[in-house]
Amino acid sequence: ASSVNPIDWKTRKGMLSILTGNKFPLILGFDVAGEVLEVGSQVTRFKVGDAIYGSTNFPGGAYAEFAVVSENLAAPKPINMTYEQAATVPLAALTALQALRDLGNVNSGQKVLINGASGGVGIFAVQIAKVLGAEVTGVSSSKNLDFVKSLNADLVIDYTLQDFTEGNVQYDIIFDVVAKRVFSDCRKVLKPNGVFISTLPNPDVILQIALTAFLPGQKVKF
C-alpha cells in the first residue's frame, strides 16, 4: 500500500523540476507498507516475510507494484494497523517529529501552536507535541474542531472566526504546517526566544532563516 503526499502532486505538476529534472516518466510515492520479498546482503533488521512500513528515497517509487526501501527508513508495521493505514504514516509523521523534536526542541510545559492541526502532518504534530509534554493549541476550520480536540489538543482555534496572530497568548513554538502564514505576522505572538517553523521553503522563509540565524532571539526554521 502507499499514499499521496503534497510532494507527490507537486512533483507531478512540475513544481519540483529543479530537483527532479526533466527525465520522465517518474514513479512517484514515498510512503510504503508491505511484505518483505527480498533483502540485501547487509540487511540485519528484517527478513523475508516481515510486514514493514517506511519511506522510499527521493523521488519516490512507492506507487510501483514492488518498491525498494533502505533499511534505516523502515520499521516493523504495528500489528493493530492494516497496510493501508500504515502507509499513511511515514512521511507525515516524520515531518511532524523532525519539526517539533529536532527543529523546535519542544520541552515539557512549553506552549506550541499547530496551524493546520487537522491535516496529514498536523494530526501527528498535535499528538507528538503532547507526548513531548507541551500545551498544544490547534488551529483548524470549524468543522474539524472536535476532531482536533479528540487528538488531545488543549485548546483549539477556528481560523474562520479568529486570527491567532491577533491574540494575547505567546507561544514557544509556532508550527505552520500549511505554510499559510509569514514570520512577520507571527512575531508578536511568539515568545522572545520562540521558534517559527514552516513546511515550505518559500522566499520569505529562506530570507528569515538567514536573518534570524545569526541574531539573538526568535528563530525561523524549515
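These numbered points go through the domains, salt bridges, ring contacts and a surface patch of a predicted model.

1. Domains. The protein chain is split into domain 1, residues 6-89, and domain 2, residues 103-220. Between the C-alpha centres of domain 1 and domain 2 the separation is 29 Å.

2. The start of helix α1. Proline 6 is placed in helix α1. Its relative accessibility is 45%, so proline 6 counts as partly exposed, the range for that class running from 20% to 50%. The C-alpha atom of proline 6 is 12 Å from that of threonine 95, although 89 residues separate the two along the chain.

3. Tryptophan 9 and the nonpolar patch. Helix α1 covers residues 6-12 and also holds tryptophan 9. With a relative accessibility of 33%, tryptophan 9 counts as partly exposed. Tryptophan 9 contributes to a nonpolar surface patch of about 490 Å², together with Val4, Met15, Ile27 and Tyr63. Patch residues must have over 30% relative accessible area, and the 33% of tryptophan 9 is the value to set against that cut-off.

4. Salt bridges in general. Side chains of opposite charge can pair when their charged atoms come close. The model holds seven salt bridges. Three of them are taken up in the next points, beginning with lysine 47 and aspartate 50.

5. Lysine 47 and aspartate 50. The closest N and O atoms of this salt bridge are 3.0 Å apart. Lysine 47 has a relative accessible area of 54% and is therefore exposed. Aspartate 50, at 17% relative accessibility, counts as buried. The bridge thus joins an exposed lysine to a buried aspartate.

6. Lysine 130 and aspartate 154. Here too a salt bridge is formed, with 3.0 Å between the closest N and O atoms. Lysine 130 belongs to helix α5 (residues 120-131), while aspartate 154 is in the loop between α6 (145-150) and β6 (155-158), so the pair ties together parts 24 residues apart in sequence. Lysine 130 is partly exposed at 22% relative accessibility; aspartate 154 is partly exposed with a relative accessible area of 38%.

7. Aspartate 172 and lysine 191. These side chains meet in a salt bridge at 3.4 Å, N to O. Aspartate 172 is in strand β7 (residues 171-176) and lysine 191 in strand β8, so the bridge ties together parts that are 19 residues apart in sequence. Aspartate 172 is buried, its relative accessible area being 14%. Lysine 191, with 27%, is partly exposed.

8. The aromatic pair. The count of aromatic pairs is one. Phenylalanine 183 and phenylalanine 196 form this pair, with 6.0 Å from centre to centre and 55° between the planes, a tilted arrangement. The pair links distant parts of the chain, 13 residues apart: phenylalanine 183 lies in helix α7 (residues 183-186) and phenylalanine 196 in strand β8 (residues 190-198). Phenylalanine 183 has a relative accessible area of 2% and is buried; phenylalanine 196 is buried as well, at 1%. Strand β8 therefore carries both phenylalanine 196 and the lysine 191 of the preceding point.

9. Charges over rings. The charged end of lysine 77 sits over the ring of tyrosine 83, at 5.1 Å from the ring centre. Arginine 181 lies over the face of phenylalanine 164, with 5.3 Å to the centre of that ring.

Methods:
Residues numbered from 1 in each chain as written. Predicted model: local features only at pLDDT ≥ 70, side-chain atom pairs only at ≥ 80, totals over all residues. Heavy atoms only, no water. Patch = residues over 30% accessible without salt bridge, like charges linked within 9 Å, V, L, I, M, F, W, Y side chains within 5 Å. Areas by Shrake-Rupley, 256 points an atom, 1.4 Å probe, with all protein chains shown as cover. Salt bridge = Lys/Arg side-chain N within 4 Å of Asp/Glu carboxyl O. Helix = DSSP H or I, 4+ residues; strand = E, 2+ residues; numbered from the N terminus. Buried < 20%, exposed > 50% of the residue type's maximum accessible area, 1.4 Å probe, protein only. Phe/Tyr/Trp six-rings, centres within 6.5 Å; stacked < 30°, edge-to-face > 60°. Lys NZ or Arg CZ within 6 Å of the ring centre and 35° of its normal. Domains from an automatic or database assignment.
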